[in-house]
Each structure stands twice: as structure tokens, then as C-alpha cells.
Amino acid sequence: MRTHSRRALLGAGIAVVGCGLPAARATGVFSSGPHSGTDGRGPAHGSHRDDPPGYVSPDGPEVAEAERKRGGGPVREFTMTAATARIDLGGHTVDTWAYADELPGRTLRVTAGDTLAVTLNNHLPQSTSVHWHGLALRNDMDGVPTLTQRPILPGASFPYRFTVPHPGTYWLHPHSRVQQDRGLYAPLIVDDPKEPLAYDKEWVVVFDDWVDGVDGSTPDSVLAELNRGMGGMAGMHGDEGDARGNHESPAAAAAPTGGPSRMLTGSRSELLGGDAGDVDHPYHLINGRIAEAPHSFRAKPGDRIRIRLLNAGADTAYRVALGDHAMTVTHADGFPVEHAETDALLLGMGERYDVLVTAKDGVFPLTALAEGKKHTAQAVLHTGSGQPPGPSARPRELDGRLLSAYRLRAAESARAVARSVDRTVELKLTGSMQKFDWAINGRQYTPSHRNPIRAGERVRLAIRNHTRMWHPVHIHGHHFALPNGGPRKDSAIVLPGRSLDVEFDANNPGLWMVHCHNVYHSESGMMTVLGYRKG
């Protein structure tokens with residue numbers, strides 16, 4: 001057994017460095033007025049007539065000073081291109097959008113303390129952005145159009161550059177419209193320069209629910225159907241225009257030729273407290289492959305494997321198990337936890353877990369059950385001879401010991417220092433599947449609305465789910481502590497009718513989103529902003 005070598009794995013990430021379009025901040029034509037998505041339907045922060053005064057600006061001196069205090073290590077440069085692509089899912093080829101024709105996009109790998117410099121080239125027909133999910137980075141690099149930056153228009157480029165403060169398993173995806181439910185996502189692994197774990201191999205595993213390009217469906221047409229079919233709000237998702245200057249809304253553009261109905265009914269999960277989801281995704285993937293043609297990973301019997309599990313899905317929680325193996329959970333959302341052994345894990349959208357397994361001899365399914373949806377995704381671990389499992393293989397471990405975040409405890413190094421709460425922000429999750437009017441505190445998202453906080457405060461988020469649906473709640477730019485010594489996380493499942501109190505330290509000035517990480521809920525309005533007050 002040996003300690004994992006960062007050098008052995010860094011090469012693949014650095015290989016994506018290359019020449020791209022000249023870096024330039026995106027500009028464009030904007031409309032004014034209310035809106036509820038993150039697709040550039042208003043000016044960037046600082047130029048909107050409705051912006052309230054007295055808040056820290058994403059490009060303000062407070063943000064620059066916080067970044068200066070982080071320091072900056074070696075610069076790791078990457079170029080990414082978002083473009084249309086034809087992707088083979090394993091016998092089923094789809095037209096979609098992706099980074100460099102790969103699904104998932106190629107892993108970006110850096111070390112904590114490095115300066116990450118990524119030039120994104122937009123070759124898509126829509127504006128786009130990149131959000132660095134889970135990173136406590138500088139606010140003006142967070143990638144939220146109309147809030148922290150202008151949208152990156154078709155044909156333009158944007159230079160993201162920031163210090164990466166914490167090791168862990170993270171990922172990247174757009175924060176524009178429902179683009180996350182296409183192929184625009186990639187893992188971001190931040191190595192620990194003082195890695196305490198010893199292991200022989202590493203396996204990055206990305207789960208995804210897939211609809212784009214299947215029988216004419218797109219995520220935009222799915223959102224339009226949900227808004228129309230649930231009695232709601234088709235036409236509210238305007239944009240600054242596509243590459244042809246077309247200002248037609250996605251809802252109008254998608255209907256009625258958006259493929260078969262993708263509305264999911266009758267999906268039930270006891271683990272999720274009722275309805276499991278809204279969308280009937282026809283495929284469920286692991287590392288871009290369907291179960292009939294699975295992704296494979298090879299190791300030797302006895303190898304200690306670190307598996308980094310990441311749910312990049314739009315509408316699906318996954319219950320995950322490795323056949324004939326127990327898993328030892330070591331990290332949740334990038335931060336260490338007290339090691340806990342389990343047979344299975346439940347991952348909401350946006351959540352990540354790191355586990356250690358000691359490989360047995362043979363061929364074993366890594367299965368992700370789409371919770372409450374009667375579908376599975378599968379990959380295969382090969383360590384010796386044996387018959388590959390069929391696509392419907394269901395390891396008994398899926399029905400064994402199950403861990404979620406609420407049964408874990410933060411490792412000592414990740415525990416929050418005990419102190420009194422200075423401010424409580426109440427976040428009521430509201431809305432219904434019938435009207436598809438998802439919101440927070442009954443208010444659908446507008447960039448100009450702020451929930452005020454101040455630097456130096458201990459903030460409690462009092463999250464109250466007043467809906468009949470579960471919601472994976474995600475915070476940008478910070479990590480909260482789950483109650484009773486629970487893990488340090490940026491995403492957490494809140495069940496229907498339940499409450500969750502989490503706390504974080506306000507130590508990263510700017511304007512930061514809190515939202516449901518079901519992309520169809522967030523883009524229908526279930527987002528809000530935490531705004532740091534000046535002074």
C-alpha cells in the first residue's frame with residue numbers, strides 16, 4: 001500500500017492547457033424588469049436600476065482584499081470550450097452541448113492553494129457561464145450571470161482566475177438557464193498537499209440523469225412542459241438573445257416540438273419523503289455511459305481505492321452501492337468526516353462523498369439506483385476474471401446499511417468553532433408541482449433582492465420546507481455545518497415538511513446564491529441571495 005501520489009494524476013488535468021480565443025469579458029444587450037432565472041436577463045451587478053444600495057459588490061474592494069488574504073500559489077492554466085457535440089452514451093448517440101466533446105468534461109486537477117486560471121470559450125448558440133460548485137472562491141468568479149458577472153455571449157470568452165482554498169471533491173457547471181442538464185459539467189479535484197489518506201488508486205465517479213437529444217427532447221423543452229403542464233408559467237424565461245439575435249423565450253422556442261412528454265408522475269420514495277422527482281429522464285449515466293455499455297475501472301485484488309462520488313444530476317437522487325464491498329466514508333462535500341462504514345450512500349443533486357474500499361477479486365457492479373424512479377445506472381470494477389454483471393444487476397448492499405449526511409460527523413479538523421449565532425436568516429421553501437411556482441419565502445428569484453448579512457457574523461440559515469417535495473439546498477461561496485456536530489457541507493437534502501438549521505461564518509464578502517439544486521426548481525424561481533452589507 002502506498003500514499004496516493006498527486007504527481008501521478010496531475011498530468012491529465014494539465015493536458016487541457018492550450019491556446020484559445022483571446023480572453024475578454026462578455027458584454028451584451030439586456031432587458032430590464034423582473035425575471036427568475038440565471039441566463040443573463042438583466043445587467044451584471046452594479047448597473048441594474050433596482051439594485052439596493054449599501055451592499056458589497058462582487059468586484060468591490062472587499063472581495064479583492066479577501067482574495068489577497070488567501071494568497072496565491074502556482075498558476076494552473078486550463079482552456080475549456082463549450083460547444084455543440086455528438087456524444088455516444090454507449091450505443092445511443094445524442095446531440096448535446098459539452099466541453100471538448102467529452103462527457104463528463106475532462107477532470108480539472110489542482111492543489112489547494114494554487115491559483116486556477118481557466119479561459120472559457122463559448123461556441124454555443126446561447127450565453128453561458130461556469131459555476132465552481134463547492135468552492136469558497138472570490139465572488140466575482142462565482143459564475144452567476146446578472147449577479148456576479150455578465151453572461152458569456154456566443155463567440156465570446158471569459159477568463160476565470162482565483163485562488164483555490166480547500167482540498168476536496170468539487171465540480172463545475174453552468175449557472176445559465178437549464179444548461180446543467182445537458183453535457184456541460186466536469187469534476188474539479190483539489191488535492192491536499194498534506195494528504196492524510198493512503199490508497200493505491202483513485203476512481204472519480206459522476207452520476208447523471210439524461211434527457212438532452214433523446215427523441216427530440218431538450219432541457220428547455222422539459223422546463224417548458226413542466227411550466228405548461230402543471231398549470232404554470234410558460235414564457236417567463238426570456239433571454240438576451242441567441243447567436244442570431246433571437247429574443248424568443250425558451251418556453252416558446254421549445255414548444256410544441258420538444259419530443260415526448262417527460263413529466264414524471266407516481267414516483268415515490270420513502271427515503272425522500274414522498275415524490276422523488278418531476279422529470280422522467282430516459283437514461284441514467286455513470287461517467288457518461290448507460291448501464292448496457294458501462295464505464296469500467298480496473299484495479300488489482302487488495303488495492304485500496306479512493307472513490308470520489310459526485311451527483312451531477314438535474315432531478316435525481318441516487319442510492320449508490322458497490323457489489324460485495326463495504327465502503328468507508330471519509331469526506332462529504334470535500335471536507336473530512338469521522339470515518340464511517342456503510343453498504344450504501346444517498347446522494348442528492350450536487351452532493352459529493354469520498355469513500356475507501358479494499359478491492360476483492362472478481363468483477364463487481366457499482367450501481368446507482370435512481371431513487372424512486374425505477375431506473376439504475378451502472379459502472380463495473382474489474383480486479384480479476386469473472387462474468388460482467390448485467391445492466392439490471394442490483395447489489396444486495398443497496399438494501400443494506402444506508403448513510404446520508406445526517407448520520408455523519410465532521411472530523412475534528414473540519415468542525416466549526418463553537419460560538420453564538422449573530423443572525424438568523426429564515427428561508428421558507430415554497431411552491432407546488434401543480435403550479436410549478438417554486439420560490440423561497442414566497443418570492444421568486446430576482447437578482448436585486450438580498451437577504452442581508454455582515455462580515456464576521458455567525459449566520460444561521462433556518463430552512464423550512466413548506467412544500468410536498470424534497471429539495472437539495474446549496475449555498476455558494478461558503479460551507480455550513482449540519483446540526484449536532486454534523487459534517488461541513490455546501491449542499492443538503494431537506495425533506496418535505498421538515499426543517500433544517502445550519503450555520504456558517506460570514507467570511508467571504510459578496511453576493512451569494514442559496515438555491516434548490518434541482519435545476520428545474522431553481523430556474524423556476526427557488527433561488528435567493530445572501531448579500532454582505534458594507535461597513
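Val 514 is found in strand 32, which covers residues 511-516. In this predicted model, Val 514 counts as buried because its relative accessibility is 1%, and buried means under 20%. Its C-alpha lies 9.7 Å from the C-alpha of Ser 491, and 23 residues separate Val 514 and Ser 491 in sequence.

A similar description can be given for His 281. This residue sits in the loop between strand 11 (274-275) and strand 12 (283-286). With a relative accessible area of 0%, His 281 is buried. Met 263 is 18 residues away from His 281 in sequence, and the distance between them in space is 9.0 Å, C-alpha to C-alpha.

**Loop residues**

Several other residues of note also lie in loops. The table lists three of them with their relative accessibility.

| Residue | Loop | Relative accessibility |
|---|---|---|
| Ser 57 | between helix 1 (6-14) and helix 2 (61-70) | 17%, buried |
| Arg 177 | between strand 7 (168-173) and strand 8 (186-191) | 11%, buried |
| Asn 484 | between strand 28 (480-481) and strand 29 (488-489) | 72%, exposed |

Ser 57 falls in the buried class because its relative accessibility of 17% is under 20%. The side chain of Ser 57 makes a polar contact of 2.5 Å with the side chain of Asp 59.

Arg 177 and Asn 484 can be described by their backbone angles. Arg 177 has a positive phi, near 50°, and is a residue other than glycine. Asn 484 is not a glycine either, and its phi is positive at about 60°. Arg 177 is buried at 11% relative accessibility, whereas Asn 484 counts as exposed because its value of 72% is over 50%.

Another backbone feature concerns a proline. Leu 103 and Pro 104 are joined by a cis peptide bond, with omega at about -10°. Pro 104 belongs to the loop between strand 2 (93-99) and strand 3 (108-111).

**Aromatic rings**

How many aromatic pairs does the structure hold? The count is 6. Ring pairs connect Trp 132, Phe 158, Tyr 160 and Phe 162 into a cluster.

The ring of Tyr 55 is described by its arginine neighbours. Arg 450 lies over the face of Tyr 55, and its distance from the ring centre is 5.7 Å. Arg 533 also lies over the face of Tyr 55, at 4.5 Å from the ring centre.

**Cavities**

The model contains 4 cavities of 30 Å³ or more. The largest cavity holds about 80 Å³ of space. Which residues lie nearest the centre of the largest cavity? They are Pro 174, His 175, Gln 180, Val 519 and Ser 522, out of 12 residues that line this cavity. Sorted by class, the lining of the largest cavity consists of 8 polar, 2 nonpolar and 2 charged residues.

Notes:
Residues numbered from 1 in each chain as written. Predicted model: local features only at pLDDT ≥ 70, side-chain atom pairs only at ≥ 80, totals over all residues. Heavy atoms only, no water. Phe/Tyr/Trp six-rings, centres within 6.5 Å; stacked < 30°, edge-to-face > 60°. Lys NZ or Arg CZ within 6 Å of the ring centre and 35° of its normal. 1 Å grid on protein atoms, 1.4 Å probe; cavity = no way out; pocket = protein on both sides within 12 Å on 5 of 7 lines; lining within 4 Å. Points joined across faces, edges and corners; volume = space filled by probe spheres on them. Nonpolar A, V, L, I, M, F, W, Y, C, P; charged D, E, K, R; others polar. Helix = DSSP H or I, 4+ residues; strand = E, 2+ residues; numbered from the N terminus. Buried < 20%, exposed > 50% of the residue type's maximum accessible area, 1.4 Å probe, protein only. Polar contact = N/O pair within 3.5 Å; in protein donor to acceptor, adjacent residues only side chain to side chain.
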